[in-house]
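Work through the exercises below with the coordinates open. Try each task before you read its solution.

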Amino acid sequence: MHIATRNGHACHRKDEVLWRANGSGFPVEYRSHPMYKDGELVGSVVTFVDISAHKLAEAELHRLAYYDNLTGLPNRPLFSDRLHQAVADAKRRGVYVAVMLLDLDRFKVINDTMGHEAGDRLLQEIAMRLKNGVREGDTVARLGGDEFALVLAGMPDMHVVSHLAQNVLSRFAAPITIEGREVFTGASIGVALYPTDTTDIESLLKFADSAMYHAKESGRNNYQFYSQEMTTNVQARLGLETDLRHALERNEFFLHYQPQVDAAHGRITGVEALLRWRNGSGAIISPAQFIPLAEETGLIVPIGDWVLETACRQLKRWHDTGYAELTMSVNVASRQFREPLFGQGVARIFAATRVLPSAIELEITESLLLENNEETRRTLDQIKVLGATLAIDDFGTGYSSLSYLKRFPLDRVKIDQSFVRDLGTDPDDLAIVRAIVALSRSLKLDVIAEGVETEEQLALLRSEGCDEYQGYLFARPMDADSVLRLLENNGPLSKKLSAA
């Protein structure tokens, strides 16, 4: 900083930190005054002034201006500043910002019956719990009274917001001890999202406030999104996730099996295991609902292990009954496959169930192979060493080079039902099926088509040289007893057209 002196010469001033002999530092104001003789600069006079008190006063003024005196949380002006920063960042990065407004339930009763000191103690405890319930970088502010606000920046989607809202609510579950008494309180939380609900910051706050009052009207101690539809969807999804986490321990999963059939002779060659879920209320939940959720949460790993082990045990029973040539196809989710010990887990299941490994086919997605990394190759090799076969599920839906077909130790290609559905009316689908069969033949891979529902589709698949098929034309997925009856009526099993 330059300061003009009386004689017009400049004085240089800036803040520095000096250190005492004991190693402690203290702020000083450093001033340098030039010295002249006969009009020429010959030196300077340097002075240092201890400004510790000034700095403390500045910090205190900053604290009073931007932080709540009781809780130490950011106040309304700083909250507004943080919100503007978060929205600007979200606009650049294409992510979401969530604003939560939170009003304590029963605070007035506690404050009136136990006194203001007890009320202050309650607010301080709530402030600490809220700070511990959000991520580093999020803002928790006290706007006044018993109203708090949160800025959750950089949200990838609304589901993360709902989890954080649930986590904030959980902070009110434990009682707070004040003056030797246990006090319980809850919170009504309103949530608004940028840019989903609005791109205007003032409107964002109004929407969150509106949602908060809706939470109060909904019985308190809950959270509501500004959009009622969003609230309903999020709560339904959270309920589904909670039920899904308990489904294994409650034995709510079961398997159905869809026969796979020799296209030339109409004989059953194997079955595909298909996961089903009947929840605690007896409702059947669609796999399209719970499988993506299981993959997202990581629950697909233990669920996938259960599917493989259950399918292996069932196949062993069928083999022991006399159907020794029957095979079992089991889908493996990408997240399950990427587990470091996946291959070892498969080996353990094979050993525990005493199933014939060569009768087990693991179906993996095409997208997994498109990653083309060494870990994928090693895991596939492990599976092959065990003796199991490998198939690509939903083949033809990827968008990459097909050179992976020769790089990986695959046995079979499964034509996706999207190409089979319009096989009789769409010449493009017929061309794709013809190309897949020709490509597979040249690489000595078997081909099976899924989703076959009409005689016309089957006839076209036969004419193109497709080995096997599955679909409603032959049979819908069914329980194990129904499979056994079907096997008894179907005659001798067909052997696969190419040896495993």
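Five exercises with worked solutions follow.

The model is predicted: local features need pLDDT of at least 70, side-chain atom pairs count only at pLDDT 80 or more, and totals for chains, interfaces and linings use all residues. Residues are numbered from 1 along each chain as its sequence is written, and side-chain values use heavy atoms, with hydrogens and water left out.

**Exercise 1. Take stock of the chain: secondary structure, burial and contacts.**

Step 1. Count the elements. The chain has 18 helices and 20 strands. Helices (H or I, at least four residues) and strands (E, at least two) are DSSP runs, numbered from the N terminus.

Step 2. Check burial. Of the 500 residues, 45% count as buried. Buried means under 20% relative accessible area, exposed over 50%, and partly exposed in between (1.4 Å probe, protein chains only).

Step 3. Look at the contacts (heavy atoms within 4.5 Å). Among those with a separation of 6 or more, 62% link residues 24 or more positions apart.

**Exercise 2. Describe how helices α3 and α4 pack.**

Step 1. Locate them. Helix α3 covers residues 107-114 and helix α4 covers residues 116-132.

Step 2. Get the geometry. The angle is about 140°, and the axes lie 6 Å apart. Axes are lines fitted to C-alpha atoms, for helices over the stretch in contact, and angles run from 0 to 180 degrees between N-to-C directions.

Step 3. Classify. α3 is therefore oblique to α4. Angles under 35 degrees count as roughly parallel, over 145 as roughly antiparallel, 65 to 115 as roughly perpendicular and the rest as oblique.

Step 4. List the residues. Phe107, Ile110, Asn111 and Met114 of α3 touch His116, Ala118, Gly119, Leu122 and Leu123 of α4. By class, the contact holds 6 nonpolar, 3 polar and no charged residues. Here Ala, Val, Leu, Ile, Met, Phe, Trp, Tyr, Cys and Pro count as nonpolar, Asp, Glu, Lys and Arg as charged, and the others, Gly among them, as polar.

Step 5. Add a residue of α4. Glu117 is found in this helix. Glu117 is exposed, at 67% relative accessible area. Its C-alpha atom is 9.6 Å from that of Ile178, 61 residues apart along the chain.

**Exercise 3. Map the five-stranded sheet and the helix across it.**

Step 1. Write the order. The open sheet runs β6-β7-β5-β10-β11, with mixed pairing. Two strands pair if DSSP finds at least two bridges between them.

Step 2. Find the edges. β6 (139-144) and β11 (222-225) each have a single partner strand, so one side of each is left without a neighbour in the sheet. Neighbouring strands are turned by 20° against each other on average, direction ignored.

Step 3. Inspect one pair. β5 (residues 96-105) and β10 (residues 186-194) run antiparallel, joined by 9 bridges. Leu104 stands opposite Ala187 in β10.

Step 4. Place the helix. α6 (residues 201-217) lies across β5, β7 (147-155), β10 and β11, at about 145° to β10.

**Exercise 4. Which strands pair with β18, and where do its side chains point?**

Step 1. β17 (residues 389-395) pairs with β18 in the parallel sense over 3 bridges. Ile392 stands opposite Val413.

Step 2. β19 (residues 446-450) also pairs with β18 in the parallel sense, over 4 bridges. Arg412 has Asp446 as its bridge partner.

Step 3. In β18 (residues 412-415), Arg412 and Lys414 point one way, Val413 and Ile415 the other, and all are buried.

**Exercise 5. How many disulfides does the structure hold?**

Step 1. Apply the cut-off: a pair of cysteine sulfur atoms within 2.5 Å. The structure holds 0 disulfides.

Step 2. Check two cysteines. Cys312 is buried, at 0% relative accessibility. Cys466 is buried too, with a relative accessible area of 7%.
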